[in-house]
Amino acid sequence: MDNEIKDNMLRKRAKKLPVITDEMYAQCLEHNRELVEEFFEYNALLSPHTRTQYRSGMRQFLWYVKTKLRNKPLYKITKKDFSRYMNYLINHGLSSSAIKFKRSSVSTLCEYIEDMVAEDDDNYESFRNFTKSKLKVPKNQVYNKVAITEDEYKLLIDTLLEKKDYMGCAWVACAFNSGARRGGIRQFKSEIVNQPIKEGQKFIVTNVVREKGEGVDGNKTSYMLPTPVLKYIKLWLDNRGYEHEYIFTTKYNGTYNQISLDWATNFCRTVLSPILKRRVNPHLFKSSAVSNYLSKGLDLKFVSTKIAKHRDISTTLKFYDLRNFEEQSNEEFAKLDCFKDED
């Protein structure tokens with residue numbers, strides 16, 4: 001099915017890097033592994049999600065050191081060695097954002113070594129952050145970001161209702177209308193459907209969720225949901241057949257738990273993309289919510305701070321406003337004198 005969805009693809013998807021199993025990781029130099037564990041012990045306030053991502057990036061690098069650099073200790077790694085690693089990732093076809101994150105994870109480890117290890121270990125006395133090379137990672141995109149339109153949203157809802165995929169329907173309704181990321185949506189609690197709604201009230205407020213941010217607590221916030229979204233949430237809760245604290249749940253190892261972050265990614269790839277016949281991912285829903293509300297005339301500052309949860313309006317405009325200004329552009333160009341004789 002994935003191979004058929006090429007409408008908005010800009011390049012081929014990269015082959016996945018090998019998953020570094022515990023058995024593979026055990027083959028990496030013990031000294032290097034010990035420094036990685038020290039890093040995480042020292043940075044106890046990293047969020048769980050960041051710890052997982054950093055650990056994955058560091059394990060990938062140590063496996064490369066093991067297989068391509070003869071298991072060198074980190075104090076012998078050079079900028080040339082790391083440039084080879086970057087080129088390995090580029091040649092593998094990874095996106096620029098994925099490559100930059102992998103570089104960032106190793107760079108953070110190097111900064112820890114410079115700040116905390118060098119003064120106690122003679123091997124690192126002259127250690128320098130070897131990720132600081134002049135190699136530039138070419139910016140690229142896997143697919144063209146096009147906002148999900150209201151018509152496409154209705155198509156998704158109608159199709160999922162026809163399939164009786166009530167949880168998927170509720171998730172799409174929340175994602176398209178709230179501006180929340182997949183990590184926030186998975187924390188929405190079932191209790192929100194029991195809120196009293198005053199006459200004329202057009203929205204409800206979700207429970208407080210943890211969004212991306214520094215430390216274990218991250219950024220605590222809540223989201224607004226238009227009241228029509230409640231009917232899709234209630235439809236799912238009425239049909240799932242069990243009680244649970246959270247709205248979006250699935251069965252793992254015989255028990256019902258919150259959906260994982262990967263659930264939303266897989267749902268978009270395997271269910272929603274085939275319906276729209278173009279590539280979509282969970283993060284596109286945030287941009288679509290922002291673009292849809294702005295298209296309907298909501299105040300930019302309100303959308304930026306209350307929907308997108310951005311501190312700076314420029315972030316909203318630069319990265320999340322996917323509106324198509326074709327009609328407005330045509331009207332503006334029509335004002336130019338040079339085009340009047342051609343009509």
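Hi everyone! Let's start with burial: out of 343 residues in this chain, 43% count as buried. Please keep in mind as we go that this is a predicted model.

What is the chain built from? There are 14 helices, along with six strands. Now look at the contacts between residues with a separation of 6 or more: 64% of them join residues that sit 24 or more positions apart in the chain. As for the outside, the accessible surface adds up to about 20,000 Å², and carbon and sulfur atoms make up 48% of that area.

Now let me show you two residues in loops. Where is Arg70? You will find Arg70 in the loop that runs between helix H3 (48-68) and helix H4 (79-91). Its phi angle is near 55°, which is a positive value in a residue that is not glycine. Is Arg70 buried or exposed? Its relative accessibility is 78%, and the cut-off for exposed is over 50%, so Arg70 counts as exposed.

Our second stop is Lys309, in the loop between helix H12 (300-307) and helix H13 (313-320). Here too we have a residue other than glycine with a positive phi, this time near 60°. How should we class Lys309 by its accessibility? Buried would need under 20%, and exposed would need over 50%. Lys309 has a relative accessible area of 29%, so Lys309 is partly exposed.

If you have the structure open, try finding both loops: Arg70 between H3 and H4, and Lys309 between H12 and H13. Thanks for listening!

Note on methods. Residues are numbered from 1 along each chain as its sequence is written. This is a predicted model: local features need pLDDT of at least 70, side-chain atom pairs count only at pLDDT 80 or more; totals for chains, interfaces and linings use all residues. Side-chain values use heavy atoms; hydrogens and water are left out. Helices (H or I, at least four residues) and strands (E, at least two) are DSSP runs, numbered from the N terminus. Buried means under 20% relative accessible area, exposed over 50%, partly exposed in between (1.4 Å probe, protein chains only). Contact means heavy atoms within 4.5 Å. Accessible areas come from the Shrake-Rupley method with a 1.4 Å probe; for residues, only the protein chains shown count as cover.
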